[in-house]
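Dear colleague,

Please find below the structure that I am handing over to you. My notes on what was found in it follow directly after.

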Amino acid sequence: MKTKRKSLTRLPAWKSLAQHNKEIKRLHLRDLFADPTRGEKFTAEAAGILLDYSKNRITDATLQLLEQLADESDLRTRIDAMFRGDKINVTEKRAVLHVALRAPKNATILVDGKNVVPVVHEVLDKMVAFSNRIRSGEWVGHTGKRIRNIINIGIGGSDLGPVMAYEALRHYTDRSLTFRFVSNVDGIDFVEATRDLDPAETLFIVSSKTFTTLETMTNAETAREWLLRGLGGEKVAVAKHFVAVSTNAEKVSAFGIDTANMFGFWDWVGGRYSMDSAIGLSTMLAVGPEHFRSMLDGFHQMDEHFRTAPFHQNLPILLGLLTVWYTDFFDAQTVAVLPYEQYLKRFPAYLQQLTMESNGKHVTLNGKQVTYDTGPIFWGEPGTNGQHSFYQLIHQGTRLIPCDFIAFGHALTPLGRHHDMLLSNVFAQAEALAFGKTAEEVMAEGTPKWLVPHRVFEGNRPSNVILADRLTPEVLGKLVALYEHSVFTQGAIWNINSFDQWGVELGKALAQRIIPELEASSEPELKHDSSTNNLIRRYRQMKLQP
């Protein structure tokens, strides 16, 4: 879907925001909170998720202009096009329909005139049947032993989503099963994942759409060798200890996997948007089909909110517009995501791929160079650990770092005063970032004059607080969809394609060229730059040394 709209920086709302920014930069959040109703006014709630965005450097006028920018960027048209199944991934001529993965069975979503919802539920039902067999012990390995260890082999979206979901939902998992995840082609990853496991009790899920991904298939081949070595070399054992999430039946079969145990997905599902597809098979095995369906329902609730809610009440759109506001008008280079929930320890890493692979783009949908910043860096760690690490830079450093604090009203594992202390830190950090501490306040505490500058907090540092009742599978689905659609909003404003990832291809292609040069028995003719040639030669020399 190509666009004929004006260049972003020529839109009236953009020009107005640039002028408005000059005025708002002079205002401090201390001044903005002179309005006693601000804390309630700049709050939105949907599907059980509360977003307090009052501690942002915005006014009513800012929001009106950002909403105008969304209108002028045809955001509503693009949202409708995605849900309709239009091929909005223009560089790959594909629809973008992760929303179909969690659509109810009676929904209709068309791709090339065909309703894709029935096939989604067909795969989902197949996953349920398989999960029930594994979890009940009906499925046994080659020697008749019950499967107790499950290892997901994938990379990128085929790893980050399943890992994050497993850690996030660990409270709900079957503790009689062990789950491991192998992604890195560094052999240490595989060795450590399998070191203490019995091959007779181990099932591998190989997740690769094409069944050709270099890292995944290297690890899968190693896994097969490990299994056969432990089971006496009987190749028929592979079919009882491997299943595939793929669309390439020929290669899956050649590997030794029974294609009846192949779970498919579609080219209208991007890898980083696939954790609720068959890529989530390990998640379903861990938490069970009922919890997995609950997660899908959470996704769908946020999808419907995003699709239907007006912009000024729309949580993903508000988050997306605020990211544009800071990225393009305050020169903020990063966003910190700070979950005050240990189970969400991998959530920031998951968001890194979701956001940075989606919106790390330098040309518009029409292939023209962008003249504004896109795709901020997302990063973070769970609180309160981060407070004793990088919060120093957020509070007193020279860079503006907008923060998203994520918290829950109830702990899944209540323990004395722990949760009150945890939540007190969420609220205190957001308050401290917003209002800081002035020199006068520091001096009033009796601080020596020479020390005062060191103890001043400028404040005026923006943050959102995202609050839900407790971390359930349903709520996890809502949180992921919240950020998915925030990413979509940003991409629509920036007029870029959030659904391709050509940037990952060049390095992979060059690696394929270099591998035979590293493994050649005789000195290869090298035609790289002088640095790469020298590094290859040095590595080949190292390999010869014991």
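Which residue forms a salt bridge with aspartate 198? The partner is lysine 145, and the closest N and O atoms of the two are 3.0 Å apart. Aspartate 198 lies in the loop between H8 and E7, whereas lysine 145 lies in the loop between helix H6 (117-136) and E5, so the salt bridge ties together parts that are 53 residues apart in sequence. Aspartate 198 is partly exposed, at a relative accessible area of 26%, and lysine 145 is also partly exposed, at 38%. Please keep in mind throughout that this is a predicted model.

Salt bridges

Side chains of opposite charge can pair when their charged atoms come close. A search of the whole structure finds 27 salt bridges. One of them joins arginine 102 to glutamate 484, with 2.6 Å between the closest N and O atoms. This pair links distant parts of the chain, 382 residues apart: arginine 102 is in the loop between helix H5 (75-84) and strand E3 (110-111), and glutamate 484 is in helix H20 (residues 473-494). Arginine 102 counts as buried because its relative accessibility is 4%, under the cut-off of 20%. Glutamate 484 is buried too, at 1%. Both residues belong to a network of salt bridges that also includes Asp276 and Asp303.

A further salt bridge is found between glutamate 221 and arginine 224, at 2.5 Å from N to O. These residues are 3 apart in helix H9 (residues 214-230), so about one helical turn separates them. Arginine 224 also lies over the face of phenylalanine 255, at 4.3 Å from the ring centre. In a similar arrangement, lysine 240 lies over the face of tryptophan 139, at 4.6 Å from the ring centre.

The sheet and the hairpin

Strands of a sheet pair through backbone hydrogen bonds, either parallel or antiparallel. Here, 5 strands form an open sheet with parallel pairing, in the order E6-E5-E7-E8-E9. Strands E6 (178-182) and E9 (262-263) are at the edges, each pairing on one side only. Helix H7 (residues 157-168) packs on this sheet and touches strand E5 (149-153), E6 and E7; its direction makes about 150 degrees with that of E6. Helix H8 (residues 187-194) also touches E5, E6 and E7, and its direction makes about 170 degrees with that of E6.

Elsewhere, strand E1 and strand E2 (residues 49-52) run antiparallel and are joined by 4 bridges. They form a hairpin with 2 residues between them, and alanine 47 in the turn has a positive phi of about 50 degrees. Along E1 (residues 43-46) the side chains alternate: Ala44 and Ala46 point to one face and are buried, while Thr43 and Glu45 point to the other and are not.

Aromatic pairs

The search finds 27 aromatic pairs in the whole structure. Among them, tryptophan 325 and phenylalanine 330 form an edge-to-face pair, 5.2 Å from centre to centre and with 80 degrees between the planes. Tryptophan 325 is buried, at 0%, as is phenylalanine 330, at 10%. The rings of tyrosine 340 and phenylalanine 405 are tilted, with their centres 6.0 Å apart and their planes at 50 degrees. Finally, ring pairs link Trp14, Trp325, Tyr326, Phe329, Phe330 and Tyr372 into a cluster.

With kind regards

Technical notes
Residues numbered from 1 in each chain as written. Predicted model: local features only at pLDDT ≥ 70, side-chain atom pairs only at ≥ 80, totals over all residues. Heavy atoms only, no water. Pairing = 2+ DSSP bridges. Contact = heavy atoms within 4.5 Å. Axes fitted to C-alpha atoms, helices over the stretch in contact; angles between N-to-C directions. Phe/Tyr/Trp six-rings, centres within 6.5 Å; stacked < 30°, edge-to-face > 60°. Buried < 20%, exposed > 50% of the residue type's maximum accessible area, 1.4 Å probe, protein only. Lys NZ or Arg CZ within 6 Å of the ring centre and 35° of its normal. Salt bridge = Lys/Arg side-chain N within 4 Å of Asp/Glu carboxyl O.
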